[in-house]
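Student: I would like to learn how to read strand pairing, salt bridges and buried cores from a set of coordinates. Could we work through one case together?

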Amino acid sequence: MRIAGENGAPLSPGSSAASNSSADEMIENENHSLRDRVADLEKKVHEQTDEIMCLRSTLADVLRRLNTVEGASRVSVSQSGGRATPLKDGLRQRHHNSEARDVSKRASSSFVSGRSTSVSHIRAREAQYNPEEGVVKLYLRGRPLNLYVPSALRDSYNPTTSTPHPPAKLKLEWVYGYRGRDCRNNVYQLPTGEIVYFVAAVVVLYNVEDQMQRHYLGHTDDIKCLAVHPNKLLIATGQTAGHDRRDARSWRLNPPADHLSHEAEEWPHIRIWDSVSLNTLHIIGISDIERSVACLAFSKADGGSLLVAVDEAPDHNMSVWDWSRGERGYKLLETKCSADQVLAVDFSPVDRSTIITCGKNHISFWNYESGMLAKRMGIFENRERPKYVTSISITDAGNVISGDSNGNLLIWQRGGNTVYKMVRAAHDGPVFSILVQKDGTIITGGKDGKIVEWDRDLERTGNVIEIPEQYGSPRVVTSGRGTQLVVGTTRNCVLEGTFTFPMRPVMQGHTEELWALAPHPSHHQFLTAGYDRCCYLWDTMAHTIVWSKDIGEHAQSAVFSSNGEIVIVGTTSGRWFVMDAETREMYSQHQDGNEPIQVLKISPNGQYLAVGSRDNNIYIYQISEDCRKYTRIGRCQGHASFVTHLDWSADSQFLQSNSGDYELLFWNAGLCRQIVQTSQMRDVEWASNTCTLTFATLGIWPEGADGTDVNTCAKANDRAVLATGDDFGKVKMFSSPACHQKARYLEYGGHSSHVTAVGFIHDDSRLISTGGRDTAIMQWVVSSNSSLSSSSSSSSQR
């Protein structure tokens, strides 16, 4: 059949072909024009997104600076550990001040919204006072300890008298340390200009340029993971179980009605909070997470409406939350993730329903549809299967890049579960971190200590940074301001730098259990040392390390000489070192037994050194030659257990000591003999008060306490206050002497492990506390407590 033209004449075959060619050309031109318009629109959207982010950054930074200038945040953090954190509806959580592993052995009370609320527990045997002999009998684990009352107080003393609040309070000023040794993806740059990371139970927001820190104190135990919302302002952090957690299974079956307010402190959970105001917005996962939150991620394709969390329980359960629905969020689903350890989880930035997890022996691709999660395991085919898939990141196109324990990088195409491309030996050892930047370039960090830059096709650009060995390997690499990179390392350091300018440390910390603390006798400095064999001298004003030294052995204790020119460090092998406090020159080393040197104390006159050992003995040395020569003059024998604490008398003639079996013994230091008639020592003035079991520290012990609950105490030099650190991560402030069993105190949280040492710097302006396994060092400002308000502090009375 022929087709006629407009004038009715038939069209020739040649003219028909020309018409079709012209139509195809027009369609192609339209398609090309459409693609150009779409590309322009996408470019404008990206530009507007960047402008919005810039405006948010500016606004967030302005709000942060306003809060700083005003001197107070919108949220009032409870002085008893920062637990009274407002929820978004303005209601406060009540702080359940549970101080014991077993609720049957304590009585406590809390400050709830400004009202003192008693909590009645089964009470253990109270201290008994015999006024005729002037002796108080304190019971620890059923064992009596006789404490002699000073003569001036014998007639009026009553051990159960309630005491006033301490005349000073604390405010957390600075936290030294970072947790990079065993945590991942936990350092980010915020629009406020701050770097956010965590250590112990504190999230630190650190503005390096302004040298200022802010602290989110909502958590009660080890924080294990951190995620930043796509808006860069909201943060989710997950913690492990608290110290006083009850049996998980029975609690999950029968949770109390008010468990959000009471049990959030002691159970693994996730907190979502505002990084500008530090307001807690939601607390989710209570009774749903069994052990600890291993990793977290916000969704990206939908603007962050969902949150995924992985539990460290045996089945490594993965749960997806509509986190903004109510105070507790709404769990959309939960499923078993893997029988093996899960190291990372993330949402695809282009597919709202796609989640990727990785860890030991696996990488998994999940699809969320109709309330169900469909799982596909990553298939390595004929490629070498790694023992661990250690890191993942996702490009803007939706392709997944994974790094593994063999040092290889793999690309998994969007929507698939097979390897599209592989880069062998990208690093010599595991790939710890993968960062996809806005321009498409990729940066990886590995155990080999190198940070390597790649183009979008995973070809090396030639840019490489080698991290100095002293800082460890890059555990996480993230974008900083401009071209800067921010790096968290395996040796608990945070570094800043670029491929052009070398990395510099902005935060350093200890990497293993921390025990030794020695405030400088005349400067705003203090020394710490621990099981990582490192000694650090810190400056409390500059918040920096003055110097560090590897002593080659696990450090247990430390002390400065009276003039501050010498520092002595005791080790776990019974050896102790004498070195110059400025040059770090080692003058001498000494050996007393083969057990740890638990405590070192120099007499007030600077002439004697007392060395308390775990071998139950106290060794006395005479000091000469400007504190550089130490001559042993004797050994004090009499303790049935290891020596824990020592104090010199103000006249340098006597010693008092505590031991592991709750003894309080007194010694004539010059003769190295025990003073058996302890009643003779009731009126002795002591130069320090670090012994936890004395008349002056009776009030620091809760009724029915285990004798090991309180690890450390220290009296201020010129203030009538006493600070303690306990097994539950708490720092407490008492009036000094704390000689009444119902002594009131202020309680502060932040540490997630046993607090191993507390000490006031020379002018009492600051208190330093050290955590054991949390490796954190916390610096607190000591200020007058002329009035106690519910908005700034809370108190407890046993």
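Tutor: Let us begin with a pair of strands: strand 51 and strand 52 (residues 721-726) run antiparallel and are joined by five bridges. Strands here are DSSP runs of E of at least two residues, as helices are runs of H or I of at least four, both numbered from the N terminus, and two strands pair if DSSP finds at least two bridges between them. This is a predicted model, in which local features need pLDDT of at least 70 and side-chain atom pairs count only at pLDDT 80 or more, while totals for chains, interfaces and linings use all residues. Residues are numbered from 1 along each chain as its sequence is written, and side-chain values use heavy atoms, with hydrogens and water left out.

Student: How many residues lie between strand 51 and strand 52 in the hairpin, and which residue of strand 52 does Thr 712 stand opposite?

Tutor: Five residues lie between the two strands of this hairpin, and Thr 712 stands opposite Gly 725. Strand 51, which spans residues 710-715, is mostly covered, since five of its six residues are buried; buried means under 20% relative accessible area, exposed means over 50%, and partly exposed lies in between (1.4 Å probe, protein chains only).

Student: How should I read a sheet with several strands, and which strands stand at the edges?

Tutor: The general idea is that in a regular strand the side chains alternate between the two faces of the sheet. In this structure, one open sheet has four strands in the order 15-16-17-18, with antiparallel pairing. Strand 15 (293-298) and strand 18 (330-336) stand at its edges, and because each has a single partner strand, one side of each is left without a neighbour in the sheet. From one strand to the next the twist averages 20 degrees, where axes are lines fitted to C-alpha atoms (for helices, over the stretch in contact) and angles run from 0 to 180 degrees between N-to-C directions. Strand 15 is joined to strand 16 (residues 307-311) by five bridges in the antiparallel sense, and the bridge partner of Phe 298 is Leu 307 in strand 16.

Student: In what order do the strands of the sheet containing strand 47 come?

Tutor: That open sheet has four strands in the order 47-48-49-50, paired antiparallel. Its edges are strand 47 (643-648) and strand 50 (673-674), each with a single partner strand, so one side of each lacks a neighbour in the sheet. Strand 49 (residues 664-668) pairs with strand 50 over two bridges, and Trp 667 stands opposite Gln 674 in strand 50.

Student: Turning to charged side chains, how many salt bridges does the structure hold?

Tutor: A salt bridge is counted when a side-chain nitrogen of Lys or Arg is within 4 Å of a carboxyl oxygen of Asp or Glu, and the structure holds 22 of them. One of these joins Asp 592 and Arg 632, with an N to O distance of 2.7 Å. This pair links distant parts of the chain, 40 residues apart, with Asp 592 in the loop between strand 42 (586-591) and strand 43 (597-602) and Arg 632 in strand 46 (residues 629-636). Asp 592 is buried at a relative accessible area of 0%, whereas Arg 632 is partly exposed at 45%.

Student: Are Asp 726 and Lys 732, which also meet in a salt bridge, buried or exposed?

Tutor: Both are buried, and their side chains meet at 4.0 Å, N to O. In addition, salt bridges that share partners join Arg 179, Asp 182 and Asp 222 into one network.

Student: Which residues have the most contacts inside the largest nonpolar core?

Tutor: In soluble globular proteins, nonpolar side chains tend to be buried together. A nonpolar core is here a set of buried Ala, Val, Leu, Ile, Met, Phe, Trp, Tyr and Cys residues joined through side-chain atoms within 4.5 Å. The largest has 48 residues, and those with the most contacts inside it are Tyr 197, Met 733, Phe 760 and Leu 767. Strand 6 (residues 168-176) supplies the largest share of this core, six residues. Leaving aside neighbours within four places in sequence, Leu 767 is in contact (heavy atoms within 4.5 Å) with residues including Leu 170, Val 731, Phe 760 and Trp 780. Another core, of 29 residues, lies apart from the largest one and has Leu 140 and Leu 664 among its members.
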